[in-house]
Amino acid sequence: MEIEIAVLTVGPVQTNCYIVNKKGSTSCIVVDPGEDADKIANYIERKGLKNEGILLTHGHFDHITGVSELISMAGGRLYVCDREKELLADSSLNGSAMVRNEVALEAEYYLKDGQVLEIADMKFRVIHTPGHTIGSCCYYMEKEKILFSGDTIFMESVGRTDFPTGNWSQLSASIKEKVLTLPSDVKIYPGHGPETDVAYEKENNPYA
């Protein structure tokens, strides 16, 4: 594979943080630095990479708590779906107030559904997948058949919808119409748990 993906499990709820780079490139991006910014920054430095950006799949505390510290340590600009702006900036909506570690963020770039982001010598298509939160999105590397799904879909499961802006009917539609319509061999890298693929989830996910 032309793409290298490192998975660091961070924070109290075992969030998958992904460090992604194209082989031979010194640039990388980070998906969902939920916590442990020093651990993430140390990996980037050890590999001789430069962080070009942080891509958030959504704004929940367990995916965003490490953002500010990581930017101060390793650089990079913050990207998130434009529909997630309010939740990201409100600690009561993003759950950080609930765990007594209030986080409120504003991104440099708010991305639109279908937009192709070219960064760190790679291309990511934004797929807005509301349901877990109103502004949840997946990042799709079409050529490489890689999807970073956040908490929209997991191996044999899906994200919960009982937090602010969650909506079960929207989540169900996002999974059936936007994720499982991708090619069967697309590999899914979720926000929690092991990686999977579209074919497996079509057969084994009870919510498919």
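Colleague: I have this model open and would like to start with the pockets. How much space lies in the largest pocket?

Modeller: Good place to begin! The largest pocket holds about 280 Å³ of space. Its lining counts 18 residues, and the closest to the pocket centre are His60, Phe61, Asp62, Arg160 and Phe163. Do keep in mind that this is a predicted model.

Colleague: How do the residues of that lining divide into nonpolar, polar and charged?

Modeller: Sorting a lining by residue type is a handy way to read a pocket. In the largest pocket the lining has 8 nonpolar, 7 polar and 3 charged residues.

Colleague: And what volume does the second largest pocket have?

Modeller: The second largest pocket comes to about 200 Å³. There are 13 residues in its lining, and nearest its centre lie Met122, Lys123, Glu142, Lys143 and Glu144. By type, the lining of this pocket has 5 nonpolar and 8 charged residues, with no polar ones.

Colleague: Which strands supply at least two residues each to that lining?

Modeller: Two strands do so: β8, which spans 122-128, and β9, which spans 137-141. The largest share, 4 residues, belongs to β8.

Colleague: Let me turn to cysteines. How many disulfides are there?

Modeller: First the general idea: a disulfide is a covalent bond that joins the sulfur atoms of two cysteines. Here the count is 0.

Colleague: Why is cysteine 81 not bonded to cysteine 137?

Modeller: Look at the distance between the sulfurs. A pair counts as a disulfide when its sulfur atoms are within 2.5 Å. The cysteine sulfur closest to that of cysteine 81 is in cysteine 137, and because the two are 5.3 Å apart, they are too far for a bond. Cysteine 138 is in no disulfide either, as the nearest cysteine sulfur, again that of cysteine 137, is 6.8 Å away.

Colleague: Are those cysteines buried or exposed?

Modeller: A residue counts as buried when its relative accessible area is under 20%. Cysteine 81 has 0%, so it is buried. Cysteine 138 is also at 0% and therefore counts as buried.

Colleague: Now the whole fold. How many helices and strands does the protein have?

Modeller: You can find 6 helices and 14 strands. For compactness, compare the radius of gyration with what a globule rule gives: the protein has 16 Å, close to the 17 Å from the rule for 208 residues, so it is as compact as a globular protein of that length. Along the principal axes, the C-alpha atoms fill a box of roughly 40 × 40 × 30 Å.

Colleague: What share of the residues is buried?

Modeller: Buried residues make up 52% of the 208. Contacts tell you about the chain too: among those with a separation of 6 or more, 58% are between residues 24 or more positions apart.

Colleague: Last topic: backbone angles. What is the phi of lysine 145 near?

Modeller: In general, most residues other than glycine have a negative phi. Lysine 145 has a positive phi, near 55°, though it is not a glycine. You will find lysine 145 in the loop between β9 and β10, the latter spanning 146-150. Its relative accessibility is 31%, so lysine 145 counts as partly exposed.

Colleague: Where is glutamate 156 found?

Modeller: Glutamate 156 sits in the loop between β11 (153-154) and β12 (157-158). This residue, not a glycine, has a positive phi of about 60°. With a relative accessible area of 37%, glutamate 156 is partly exposed.

Conventions. Residues numbered from 1 in each chain as written. Predicted model: local features only at pLDDT ≥ 70, side-chain atom pairs only at ≥ 80, totals over all residues. Heavy atoms only, no water. 1 Å grid on protein atoms, 1.4 Å probe; cavity = no way out; pocket = protein on both sides within 12 Å on 5 of 7 lines; lining within 4 Å. Points joined across faces, edges and corners; volume = space filled by probe spheres on them. Nonpolar A, V, L, I, M, F, W, Y, C, P; charged D, E, K, R; others polar. Buried < 20%, exposed > 50% of the residue type's maximum accessible area, 1.4 Å probe, protein only. Rg over C-alpha atoms; globule rule 2.2 N^0.38 Å. Contact = heavy atoms within 4.5 Å.
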